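Good morning, everyone, and thank you for making the time. I would like to walk you through one structure today, so please have a look at it before I begin.

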Amino acid sequence: MDVAEIGMEGEVGNEAVPERQRIFSGLFGGCIAGPSVDIALHPVDTIKTRLQSKQGFFKAGGFNGLYRGLSAAALGSAPSAACFFGTYETTKVVLARFISDDYAVAREMTAGSVGEMVTAMVRMPFEVIKQRRQSLGHAAWGDHFKSFKSFRGLWQGYTTLVAREIPFSFLQFPMYESFKRKVAQFRGVDVHELEAWQASLCGSLAGGLAGAITTPLDVVKTRVVLSNSPEGMFKTLVTVAKTEGIRPLFAGCVPRVAFISFGGAVFFGVYEQAKIFYRTINL
């Protein structure tokens, strides 16, 4: 997710990067990296959403119209990614003043969780429209808006999204940072001296593992977003398990892992390169 750090204040050599520059380079990197992945891999995301939908893959559209919802994904991607990494980097800078490097993992987990909660507020409306476009046919944006009982409907599933993203971040970012430290140790260099492709592979592996583990939460989030009369997260989870069995809770696992793994490699590579570019022009 070189200077190949997503912002590890405790990493050796990172002190050379001013806090302000680290935060703004994270914002810039997120703006560039987010859309590059979401646009390129949108068909894979559409397949995952349809596999997870209640009506089933083919009734939700099958392999037709795999780019439905692309406009919503593209519009929400840059601000969401920028918001996340800006919050993530800022939180780590603040926590570094109170939490020692011995507890760096706690900083990363906390920063990731805070980032997800803030970002979900920005991302949720675009996520709702995107997934409804992906699985509920060719309805225009306006028609989807009319299906909500109130403006608050655009944040339908916010709690479920956060409940999915926090465990995901708890797993992904500590693993990502840990993998980078291990690779740097193996190569005998500082973490900030890793090349972007090495950081991107660490991000790909960490994201794929975290994505597979949290697939049931992703299925529940999709069901809540697509429902016109959504139940709570826990009730939806229990309902799916009781009426359909455990297997549907892992529907879309393969495309989800593929999206996150390949997307993670691209995302973190572009993210790190964008941060390097930002720092170069702001020396």
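Let me start at a single glycine, Gly112, which touches Phe84, Tyr88 and Ser169 when residues up to four places away in sequence are left out of the count. I should say at once that this is a predicted model, and that what I describe is to be taken in that light. Gly112 sits in helix α4, which covers residues 104–135, and Gly112 is buried, its relative accessible area being 0%. As for one of those partners, Phe84 is 28 residues away from Gly112 along the chain, yet their C-alpha atoms are separated by 8.2 Å.

Stepping back to the whole chain, we have ten helices and zero strands, and 53% of the 283 residues count as buried.

Tyr88, which we have just met as a partner of Gly112, comes up again in the largest nonpolar core, a group of 19 residues in which Phe85, Tyr88, Phe173, Tyr176 and Phe267 touch the most other members. Which elements give two or more residues to this core? They are α1 (19–40), α3 (70–95), α6 (158–187), α7 (196–213) and α10 (253–281), and among these α10 gives the most, with five residues. Apart from this core lies another one, made of six residues, including Met124, Leu161, Val162 and Val225.

Val225 takes us to helix α8, where Val225 is one of the buried residues, together with, for example, Pro216, Leu217 and Val220. In fact, twelve of the twelve residues of α8 are buried, so this helix is largely enclosed by the rest of the structure. It may be worth noting that the buried residues of α8 include Asp218, Lys221 and Arg223. From its first C-alpha to its last, α8 reaches 17 Å, which is close to the 16 Å expected for its twelve residues at 1.5 Å a residue.

How do α2 and α8 lie with respect to each other, roughly parallel or roughly perpendicular? The axes of α2 (residues 42–52) and α8 (residues 215–226) come within 9 Å and cross at roughly 80 degrees, and the two helices are therefore roughly perpendicular to each other. On the α2 side the contact is made by Lys48, Thr49 and Gln52, and on the α8 side by Asp218, Val219, Thr222 and Arg223. Sorted by class, that contact has one nonpolar, three polar and three charged residues.

Following the chain on from α2, we find Gly61 in the loop between α2 and α3, and with a relative accessibility of 15% Gly61 counts as buried. Gly61 and Ile47 are 14 residues apart along the chain, and their C-alpha atoms are separated by 9.0 Å.

Two further places deserve a brief word. Helix α9 (residues 233–244) has twelve residues, which at 1.5 Å a residue should span 16 Å, and its end C-alpha atoms are indeed 16 Å apart; just after α9, Gly245 takes a positive phi of about 100 degrees. Arg181, for its part, lies in helix α6 and counts as partly exposed, at 26% relative accessibility. From Arg181 to Leu194, 13 residues apart in sequence, the distance in space is 9.5 Å, C-alpha to C-alpha.

That is where I will stop, and I am happy to take questions.

Key: Residues numbered from 1 in each chain as written. Predicted model: local features only at pLDDT ≥ 70, side-chain atom pairs only at ≥ 80, totals over all residues. Heavy atoms only, no water. Core = buried A, V, L, I, M, F, W, Y, C linked by side-chain atoms within 4.5 Å. Buried < 20%, exposed > 50% of the residue type's maximum accessible area, 1.4 Å probe, protein only. Helix = DSSP H or I, 4+ residues; strand = E, 2+ residues; numbered from the N terminus. Axes fitted to C-alpha atoms, helices over the stretch in contact; angles between N-to-C directions. Parallel < 35°, antiparallel > 145°, perpendicular 65-115°, else oblique. Contact = heavy atoms within 4.5 Å. Nonpolar A, V, L, I, M, F, W, Y, C, P; charged D, E, K, R; others polar. Expected span 1.5 Å × (residues − 1).
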